[in-house]
Each structure stands twice: as structure tokens, then as C-alpha cells.
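Let's take a walk through this fold, going from the overall layout down to individual side chains. Keep the viewer open as you read.

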Amino acid sequence: MCLAFPGKVVEVVGDFAKIDFGGGTTRSDINISHTDAVKDDYVLVHAGYAIQVLDLVEATNVLAYWQDHTQWKCERCDISEECPTGMLVKEIVNLSHKQSKGDAISVGEIKNIGIRGF
């Protein structure tokens with residue numbers, strides 16, 4: 001199965017970009033030559049290549065999908081505290097629990113999860 005994950009472009013140098021995937025994970029060697037991505041865009045990355053530019057709604061939906069479909073695995077994983085996906089899922093789950101209790105979620109809290117810049 002092939003997986004692609006959203007990230008935010010934080011720097012562009014030629015055909016390559018530094019991408020922030022959240023959870024403290026950045027990579028500076030993502031090839032963006034197949035897209036029109038620029039700084040502050042959100043992109044879908046697979047195997048070291050940006051394959052699509054995402055708008056904020058699409059990026060949020062992809063993160064929600066990851067939460068819905070990986071939460072069970074991340075909660076049982078022995079290395080979830082060391083894994084960017086595990087950390088991201090935990091951050092999203094924490095906000096979801098807060099929201100389900102009827103507590104408001106601030107824009108600042110949303111900006112601090114997953115992709116920086118939300």
C-alpha cells in the first residue's frame with residue numbers, strides 16, 4: 001500500500017523544498033518539481049516527491065483521515081512517542097477529545113497540531 005502525507009512548504013531551493021510534517025518532523029530534500037508549490041503551500045508527499053498541492057481544507061481532511069484510520073494502531077504502538085505519525089495522531093486525538101466534551105478549540109491550538117501554520 002502506498003501512503004502520502006501532507007506537509008507545509010517552509011523553504012524552496014530550486015526543485016527541492018523543506019517540508020514541515022508536524023510532530024517535530026521536517027525534511028529538506030522533498031522534490032517539488034512536479035507541482036507548482038511555493039513557500040507556505042501545503043503539499044501531499046509520497047516517496048520524497050510532492051505529488052499535489054493541497055488547500056487548507058484538503059490538508060485538514062487528510063489529517064482527519066489519518067486520525068480516523070491510524071488512532072487504534074498508534075495507541076498500541078511501542079514507539080508512538082518517537083514516531084511523527086504517532087505524535088501527530090495523539091495531538092489530533094487530544095483536540096478531538098476536547099471538542100467532544102464541548103470545549104472550544106482555538107485557532108492557536110489548531111495551528112500547533114500536525115502541519116505548522118494551520
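**From layout to side chains**

Start at the N terminus and the elements come in the order β-β-β-β-β-α-α-α. That makes five strands and three helices in total. Bear in mind that you're looking at a predicted model. The protein has 118 residues, and 34% of them count as buried. Its exposed surface comes to about 7,100 Å², with 54% of that supplied by carbon and sulfur atoms. As for contacts with a sequence separation of 6 or more, 41% of them are between residues 24 or more positions apart.

Now head inside. The largest nonpolar core is built from 18 residues, and V9, I19, F21, I30 and V43 have the most contacts within it. Two or more residues of this core come from each of β1 (5–13), β2 (16–22), β4 (42–46), β5 (49–54) and α1 (56–76).

I30 is a good one to click on. Leaving out residues up to four places away in sequence, I30 touches D15, F16, A17, I19, F21, V45, G48, Y49 and A50. Next door is N31, which sits in strand β3, spanning residues 25–31. Is N31 buried or exposed? Its relative accessibility is 11%, so N31 counts as buried, the cut-off being 20%. With the same sequence neighbours left out, N31 touches D15, F16, G48, Y49 and A50. If you'd like a distance to check, the C-alpha atoms of N31 and A17 are 6.5 Å apart, although 14 residues separate the two in sequence.

On to the charged side chains. The structure holds three salt bridges. One of them joins D40 and K8, at 3.7 Å from N to O. D40 is in the loop between β3 and β4 while K8 is in strand β1, so this pair ties together parts 32 residues apart in sequence. What about the burial of these two? D40 counts as partly exposed, at 42% relative accessibility, whereas K8 is buried, with a relative accessible area of 13%.

D40 also meets K39 in a salt bridge, at 3.9 Å from N to O. K8, K39 and D40 are thereby part of a network of salt bridges.

Finally, look at D29 and R27, which form a salt bridge with their closest N and O atoms 3.0 Å apart. D29 counts as partly exposed at 41% relative accessibility, and R27 is partly exposed too, at 36%.

Note on methods:
Residues are numbered from 1 along each chain as its sequence is written. This is a predicted model: local features need pLDDT of at least 70, side-chain atom pairs count only at pLDDT 80 or more; totals for chains, interfaces and linings use all residues. Side-chain values use heavy atoms; hydrogens and water are left out. Helices (H or I, at least four residues) and strands (E, at least two) are DSSP runs, numbered from the N terminus. Buried means under 20% relative accessible area, exposed over 50%, partly exposed in between (1.4 Å probe, protein chains only). Contact means heavy atoms within 4.5 Å. A nonpolar core is a set of buried Ala, Val, Leu, Ile, Met, Phe, Trp, Tyr and Cys residues joined through side-chain atoms within 4.5 Å. Accessible areas come from the Shrake-Rupley method with a 1.4 Å probe; for residues, only the protein chains shown count as cover. A salt bridge is a side-chain nitrogen of Lys or Arg within 4 Å of a carboxyl oxygen of Asp or Glu.
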